Amino acid sequence: MRALKRSTSAALALAALTGTAALATATPASAASYHCKTSSHSVDDPTYSGPDSDNWDFDVTLCAMRSGGYIYTTATVYWDGPYTARNRSTLTFNKAKFQLQTKRSVSGTDPVVKSGGYTGLENALEHSSSNGNGSYSTGTLKYKAGSGRYLADGYIQLDWSGDGKSYRAPILFTASPVV
C-alpha cells in the first residue's frame with residue numbers, strides 16, 4: 001500500500017513542478033525557470049507505540065530561480081502519513097512549521113540571506129486525506145540578488161502532542177541547485 005501512496009505522491013510532485021514550470025515560462029519577465037531538488041525523510045511519531053504504522057514519510061521539493069535581479073525560493077512538502085493520522089486529526093501536533101531559507105552559496109557554510117517560517121504546515125498535516133497523505137506549499141521568498149550564486153534550503157520542525165517537549169530537532173532536506 002505504501003508503494004501506491006508513494007506513486008501518488010510522486011505523480012503529485014511531478015504535476016506541481018510541471019505547473020510551476022509552465023507558470024514560470026508564461027510570464028513575460030521569467031525567461032528563467034525554477035531549479036528544484038526533491039529529497040525524503042521518514043519520521044517516527046514518538047507519542048505512539050501501538051501496533052499500527054506511525055511513520056510520516058516526507059518528500060520536500062526545494063526550488064530556486066534567478067530572474068530580473070532577484071532570487072525567488074519556494075518549497076512544497078508532500079507526505080505519506082499513517083492511515084490513522086486522519087482519526088487523530090488535531091491531536092497529533094502542538095505545532096509544526098516549514099522554515100524556508102534563501103542562502104548565498106559560498107565556500108563553507110552558506111549564509112542565510114532571507115528566511116520565512118510557514119506554520120500552516122501544522123493545519124495541513126492534521127487535515128491529511130483519509131489515507132494520511134497530503135501536501136503543503138510555502139509562499140515565495142524574494143531577495144534582491146548581488147553577484148554570486150544562491151539556493152533554496154529548508155527544514156521541518158514538529159512539536160508532537162503529548163510528549164511534553166517543544167519542537168524536536170529540525171528535519172533537514174537537500175538544498176536546491178544553485179542559481
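This passage describes the fold, the nonpolar core and the side-chain links of a single predicted protein chain.

The model is predicted, so that local features require pLDDT of at least 70 and side-chain atom pairs count only at pLDDT 80 or more, whereas totals for chains, interfaces and linings use all residues. Residues are numbered from 1 along each chain as its sequence is written, and side-chain values use heavy atoms, with hydrogens and water left out.

The chain comprises 3 helices and 9 strands, where helices (H or I, at least four residues) and strands (E, at least two) are DSSP runs numbered from the N terminus. Read from the N terminus, the order of the elements is α-β-β-β-α-β-β-α-β-β-β-β. Of the 179 residues in the chain, 42% are buried; buried denotes under 20% relative accessible area, exposed over 50%, and partly exposed the range in between (1.4 Å probe, protein chains only). The exposed surface of the chain amounts to about 8700 Å², of which carbon and sulfur atoms supply 54%. Accessible areas were computed by the Shrake-Rupley method with a 1.4 Å probe, and for residues only the protein chains shown count as cover. With a contact defined as heavy atoms within 4.5 Å, 69% of the contacts between residues at least 6 apart in sequence join residues at least 24 apart.

An open sheet is formed by 4 strands in the order β5-β4-β8-β9, with antiparallel pairing. Its edge strands, each paired on one side only, are β5 (112-118) and β9 (171-172). Two strands are taken to pair if DSSP finds at least two bridges between them. Strands β4 and β8 pair in the antiparallel sense over 12 bridges; Gln-99 has Tyr-155 in β8 as its bridge partner.

The largest nonpolar core contains 29 residues, among which Phe-58, Trp-79, Phe-98, Leu-125, Ile-156 and Leu-158 touch the most other members. The elements giving two or more residues to this core are β2, β3 (70-80), β4 (93-105), α3 (120-126) and β8 (149-160). Such a core is a set of buried Ala, Val, Leu, Ile, Met, Phe, Trp, Tyr and Cys residues joined through side-chain atoms within 4.5 Å. Leu-125 touches Trp-56, Phe-58, Trp-79, Phe-93, Ala-96 and Leu-158, when residues up to four places away in sequence are not counted. In soluble globular proteins, nonpolar side chains tend to be buried together.

The structure holds 1 disulfide, the term denoting a pair of cysteine sulfur atoms within 2.5 Å. Cys-36 is joined to Cys-63 at an S to S distance of 2.1 Å. This disulfide links distant parts of the chain, with Cys-36 in strand β1 (residues 35-44) and Cys-63 in strand β2 (residues 55-67), 27 residues apart. The link of Cys-36 and Cys-63 is right-handed, with 115° about the S-S bond. Cys-36 is partly exposed at a relative accessible area of 28%, whereas Cys-63 is buried at 3%.

A search of the whole structure yields 2 salt bridges, each being a side-chain nitrogen of Lys or Arg within 4 Å of a carboxyl oxygen of Asp or Glu. One is formed by Asp-153 and Lys-103 (2.9 Å, N to O). These residues belong to distant parts of the chain, Asp-153 lying in strand β8 and Lys-103 in strand β4, 50 residues apart. Asp-153 is buried, with a relative accessible area of 14%, and Lys-103 counts as buried at 14% relative accessibility. Another salt bridge is formed by Arg-168 and Asp-163 (2.9 Å, N to O). Here Arg-168 is partly exposed at 29% relative accessibility, whereas Asp-163 counts as buried at 17%.
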